[in-house]
Amino acid sequence: MCGVAASTVSRALSTPDRVNFRTRARIEAAAAELNYTPNSQAKALSSGRTGAVGVLVPDITNPFYFDLIRGTQLQLKAAGYTQLLVDTEESDEVEASTMEQLRKGADGIIVTAPRLGDDVLLAAAAKMPMVTINRDVPGVPAVIIDTPTATGQALDHLISLGHTRVAFMAGPLTSQSSSRRWAALSLAAEERGVEVLRLGPFAPKTQSGAAAADSAVHSGVTACIAFNDLIAIGMLQRLRERGLRVPEDMSIVGCDDIFGADFCNPPLTTMTSPIEQAGRVAVSMLLGRLNPLAGGSNRSRSVMPTHLTVRGSTGPVRDA
């Protein structure tokens, strides 16, 4: 229609500054008349870029990931990228196969709380740009939410209420976050001269709260720090069923401050994190590797501060 080569049309639509004004206007008019839309797959073949970024989360039903997904989505959209969201179902096998598939379908990936081993993640990062969230692997860019520091704050809070025997309701064995929180809690307890027990592991779901609560009651502790808010909320429900009062008979601390944590009965004391901001920072770090000249972050590690939010689920230790 325009009487020019296909390469000229391509330049006019992708890099308009390389085509003179009149020719570009003619091509743009023809494209509008034909309702032309660029073929993303064809563009990927010619440029090696898909314009998409994969975001992997272990459990899309966990409210913790709602804000994180919103953060990655908004930041990617602003940069002109499409987000490919994948629920890896808390499975290292699904995680591994998804990352392999995304090598051809995405320009890079953000993996949240991955369950794979360090060597597998390092090998995957060597094949395509990757940023992890809540997983620290030497050589792989990471955004770390500093819950271990808040775990120490939670212990100090419980000690101030008279608790000297506290349980940590651990998350999955493959969760680095759970291991880091337990290590920080153990060290803080040793420094402060109080006893902490590690119970579990428990799946990071509300349904796990019943078993966690029963385990805590059997252990004889007066307070618990749960791996996440979902386990903590499940514990509140189970303790109520057993006729135990929170916080009079047992104090409960959660982690993440998910939507609804303040609506519980009683409202949940928990560790609050800048979750949406963590998603945005992860995207910025990934874009810095995809487009070094476009102003993305060149950091290889970013630590997000976390603090304890005190609500009604913690109180003074019950009288003996």
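The legends below describe several close-up views of a predicted model. Because the model is predicted, local features need pLDDT of at least 70 and side-chain atom pairs count only at pLDDT 80 or more, whereas totals for chains, interfaces and linings use all residues. Residues are numbered from 1 along each chain as its sequence is written, and side-chain values use heavy atoms, with hydrogens and water left out.

**View 1. Helix 1 and helix 2 meet at roughly 90°.**
The axes of helix 1 (residues 6-14) and helix 2 (residues 21-33) come within 10 Å of each other; helices here are DSSP runs of H or I with at least four residues, strands are runs of E with at least two, and both are numbered from the N terminus. Axes are lines fitted to C-alpha atoms, for helices over the stretch in contact, and angles run from 0 to 180 degrees between N-to-C directions. The crossing makes helix 1 roughly perpendicular to helix 2, given that angles under 35 degrees count as roughly parallel, over 145 as roughly antiparallel, 65 to 115 as roughly perpendicular and the rest as oblique. Thr8, Val9, Ala12 and Leu13 of helix 1 meet Thr23, Arg24 and Ile27 of helix 2, where contact means heavy atoms within 4.5 Å. By class, this contact has 4 nonpolar, 2 polar and 1 charged residues, with Ala, Val, Leu, Ile, Met, Phe, Trp, Tyr, Cys and Pro counted as nonpolar, Asp, Glu, Lys and Arg as charged, and the others, Gly among them, as polar.

**View 2. Asn35 has a positive phi.**
The phi of Asn35 is about 55°, although this residue is not a glycine. Asn35 lies in the loop between helix 2 and helix 3 (40-47).

**View 3. An open sheet is formed by 6 strands.**
The strands follow the order 2-1-3-4-5-11, and their pairing is parallel; two strands pair if DSSP finds at least two bridges between them. Strand 2 (82-87) and strand 11 (301-304) stand at the edges with a single partner strand each, so one side of each is left without a neighbour in the sheet. Neighbouring strands of this sheet are turned by 15° against each other on average, direction ignored. Strand 1 (residues 52-57) pairs with strand 2 in the parallel sense over 6 bridges, and Val55 has Leu85 in strand 2 as its bridge partner.

**View 4. Lys205 and Asp59 form a salt bridge.**
The two side chains meet at 3.1 Å, N to O, and a search of the whole structure finds 17 salt bridges, each defined as a side-chain nitrogen of Lys or Arg within 4 Å of a carboxyl oxygen of Asp or Glu. Returning to the pair shown, the side chains of Lys205 and Asp59 meet in a salt bridge. Lys205 lies in the loop between strand 7 (195-199) and helix 9, and Asp59 in the loop between strand 1 and helix 4 (64-78), so the pair ties together parts that are 146 residues apart in sequence.

**View 5. Helix 7 and helix 8 make a right-handed crossing.**
The axes of helix 7 (residues 147-160) and helix 8 (residues 176-192) come within 8 Å and cross at roughly 40°, and the two helices are therefore oblique to each other. Their crossing is right-handed; a crossing is left-handed if the near helix is turned anticlockwise from the far one by less than a right angle, and right-handed if clockwise. The residues of the contact divide into 7 nonpolar, 2 polar and 4 charged.

**View 6. Helix 9 packs against helix 10 at an angle of about 65°.**
The axes of helix 9 (residues 209-219) and helix 10 (residues 229-241) are 7 Å apart, and the two helices are therefore roughly perpendicular to each other. Helix 9 passes helix 10 in a right-handed crossing. Among the contact residues are Ala213 and Val217 of helix 9 and Ile231 and Leu239 of helix 10. By class, the contact has 8 nonpolar, 2 polar and 2 charged residues.

**View 7. Strand 10 pairs with strand 9 and with strand 12.**
Strand 9 (residues 251-256) and strand 10 (residues 269-272) pair in the parallel sense over 4 bridges, with Gly254 opposite Thr270. The pairing of strand 10 with strand 12 (residues 307-309) is antiparallel, over 3 bridges, and places Met271 opposite Leu308.

**View 8. Cis peptide bonds precede Pro201 and Pro266.**
Gly200 and Pro201 are joined by a cis peptide bond with omega of about 15°, and Pro201 is found in the loop between strand 7 and helix 9. The bond from Asn265 to Pro266 is cis with omega near 0°, and Pro266 is placed in the loop between strand 9 and strand 10.
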